[in-house]
There are 2 protein chains.
Amino acid sequence: MAIKERKEREKQEMRNLIIESATQLFLKQGYDKTSIRSIADDIEYSPATIYLYFKDKDEIFYVIHENAFDILDKHLRQHDGIADPFERLGALGRTYIQFGIENPDYYDLMFIMRAPMEQIKNEEKWKAGECAFGYLLTTLSDCLEQGKIRQADLYVTGIQVWSYVHGLVSLYVRERMCILMQPDDVTRQILHSSFDLFLANLKT
Amino acid sequence: MAIKERKEREKQEMRNLIIESATQLFLKQGYDKTSIRSIADDIEYSPATIYLYFKDKDEIFYVIHENAFDILDKHLRQHDGIADPFERLGALGRTYIQFGIENPDYYDLMFIMRAPMEQIKNEEKWKAGECAFGYLLTTLSDCLEQGKIRQADLYVTGIQVWSYVHGLVSLYVRERMCILMQPDDVTRQILHSSFDLFLANLKT
DNA sequence: GCATTTACTAAACAGTGTTTATTATATTCA
DNA sequence: TGAATATAATAAACACTGTTTAGTAAATGC
């Protein structure tokens, strides 16, 4: 009976179809304007059908949030080849900031919005987040071992680095960097300069 | 004709009534669950009446956002008496973090949510934000003058400090600090430790 | 070929922010 | 004071939202 397998495959294909449509609409118009009805319209099914494949809207955006982490991961791992951990740390930070600037809606879903985190409460662990943070910790651990950065607790240092770049990106994404009263490209440049300064202060 | 003045006063009183009700409901149940209808119910007027005093929901929350800045301002100015600017900087940071932890909904409105910023687009300037940031810059300027912290551009240093504390608080408020897998009070302690470390790294 | 399971949807429910047309009250002016 | 006007408040509707329920049509199992 290969029917069961085919059905399972079809179910997965339908989920993918929904996610693809939702992702495209989300990146075009944001979370709030991406309604279940608009996704249903786009894939030419009734709104109720979507609820046969996803528990609720949050679950859809939880999957998109996971996909976004995969994309960020790919970006970050481009720097795997950099031998010097401090240089690698710098590359990671710059790539993280760049990712946030270029993909504000993804960034929102990953690190700002409450929607995907509601899902996580039913799962106990924020796997995607821990994976990305773990990757940062690895590099920081190398830096500490080789005495490239000031000695401190690994986790505290990790929180320090992440909080810093997140602060930069999230203030930018949620339009608080307007206090600088600079055009967008200058503001982005300031984000990068600030990070460079931060790195310099971290160095031994 | 004192009638005009009385009418103006009554109009302002009604606005205050709406804001008081909205604030109380917002702090109890958050932005999304604070509907125009629930405010109307609370003040015993019809929902349409609210639109005679405020353009839309965003305008109401813009006013609450301004009030929140006044509250934060009062907290920060408690440290006006600290003579040493570096010590004052530390006090400001700790108070800012504490404010965010203790008033997550206010913090949300001030520094994370898009709602109040929509209003600001019609006003050109984010007065509340600039005022608070200006207060930070003053202290930083004193630190730089007295050579208490590493020399760098004032604005870049300001962005650096603000981004850092904002990163800490916003990751906490939006529940991303769960990666630490620590109970809430320990997580809060880590926020403060991270800030202390940051300050130490900034010192000359 | 028939019973059962699966896939899908129309319609409804309970909300939301906001606007419009209408009514009741208060003010102005002859 | 009484009619005309301006103001304040609202009921009801509009156009949405996420989600559930009940019913239908097709695919599957026996």
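**View 1. Protein surface beside DNA strand C in the predicted model.** In this predicted model, α1(B) makes the largest contribution to the surface near DNA strand C, with three residues. Looking at whole elements, α3 (47-50) of chain A and both α1 and α2 of chain B supply at least two residues each. Count everything around DNA strand C and you get 19 residues, with Thr49(A), Tyr53(A), Arg6(B), Arg37(B) and Tyr51(B) being the closest. Sorted by class, the surface near DNA strand C comes to eight nonpolar, four polar and seven charged residues.

**View 2. Phosphate contacts on DNA strand C.** Zooming in on the backbone of the strand, a polar atom in the side chain of Thr49(A) sits 2.5 Å from a phosphate oxygen of DNA strand C. Chain B joins in too: an N or O atom of the Ser35(B) side chain is 3.0 Å from a phosphate oxygen of DNA strand C. Ile36(B) uses its backbone instead, placing an N or O atom 3.0 Å from a phosphate oxygen of that strand. As for what the protein sees of DNA strand C, 57% of the strand's atoms within 4 Å of the protein are sugar or phosphate, and bases make up the rest.

**View 3. Protein surface beside DNA strand D.** Now for the other strand. DNA strand D has 19 residues around it, and Arg6(A), Arg37(A), Tyr51(A), Thr49(B) and Tyr53(B) come nearest. On this side α1(A) gives the most to the surface, namely three residues. If you like to think in residue classes, the surface near DNA strand D splits into eight nonpolar, four polar and seven charged residues.

**View 4. Phosphate contacts on DNA strand D.** Thr49(B) has a side-chain N or O atom 2.5 Å from a phosphate oxygen of DNA strand D. For Tyr53(B), a polar side-chain atom is likewise found 2.5 Å from a phosphate oxygen of the strand. Over on chain A, Ser35(A) brings a polar side-chain atom to 3.0 Å from a phosphate oxygen of DNA strand D. At the level of elements, α1 (3-33) and α2 (36-43) of chain A, plus α3 (47-50) of chain B, give two or more residues to the surface near DNA strand D. Within 4 Å of the protein, 59% of the atoms of DNA strand D belong to sugar or phosphate, while the remainder belong to bases.

**View 5. Thr34(B), between two helices.** Find the loop linking α1 (3-33) and α2 (36-43) of chain B, and you'll find Thr34(B) in it. Thr34(B) has a relative accessible area of 0%, so this residue counts as buried. A polar atom of its side chain lies 2.6 Å from the backbone oxygen of Gly30(B). Setting aside neighbours within four places in sequence, the contacts of Thr34(B) are Ala22(B), Leu25(B), Phe26(B), Gln29(B), Ile39(B), Lys57(B) and Phe61(B).

**View 6. The largest pocket.** This one has a volume of about 1,000 Å³. It's lined by 29 residues, of which Tyr31(A), Asp32(A), Met113(A), Arg174(A) and Asp32(B) are closest to the centre. Both chains feed the lining: α1, α6 (104-112) and α7 (115-120) of chain A, along with α1, α4 (57-77), α6 (104-112) and α7 (115-120) of chain B, give two or more residues. If you're thinking about electrostatics, the lining of the largest pocket has 17 charged residues, next to eight nonpolar and four polar ones.

**View 7. The second largest pocket.** Here the volume is about 280 Å³. The 14 lining residues include Glu175(A), Met177(A), Cys178(A), Met117(B) and Lys121(B), which lie nearest the centre of the second largest pocket. Elements giving two or more residues to this lining are α10 (184-202) of chain A and α7 of chain B. By class, the lining of the second largest pocket holds six nonpolar, two polar and six charged residues.

**View 8. Chain A on its own.** Chain A carries ten helices and zero strands. Its C-alpha atoms fit a box of roughly 60 × 45 × 30 Å along the principal axes. Of its 204 residues, 52% count as buried. Among contacts in chain A with a separation of 6 or more, 68% come from residues 24 or more positions apart.

Notes. Residues numbered from 1 in each chain as written. Chains lettered and ligands numbered in written order. Predicted model: local features only at pLDDT ≥ 70, side-chain atom pairs only at ≥ 80, totals over all residues. Heavy atoms only, no water. Helix = DSSP H or I, 4+ residues; strand = E, 2+ residues; numbered from the N terminus. Buried < 20%, exposed > 50% of the residue type's maximum accessible area, 1.4 Å probe, protein only. Polar contact = N/O pair within 3.5 Å; in protein donor to acceptor, adjacent residues only side chain to side chain. Contact = heavy atoms within 4.5 Å. Near = heavy atom within 4 Å. Nonpolar A, V, L, I, M, F, W, Y, C, P; charged D, E, K, R; others polar. 1 Å grid on protein atoms, 1.4 Å probe; cavity = no way out; pocket = protein on both sides within 12 Å on 5 of 7 lines; lining within 4 Å. Points joined across faces, edges and corners; volume = space filled by probe spheres on them.
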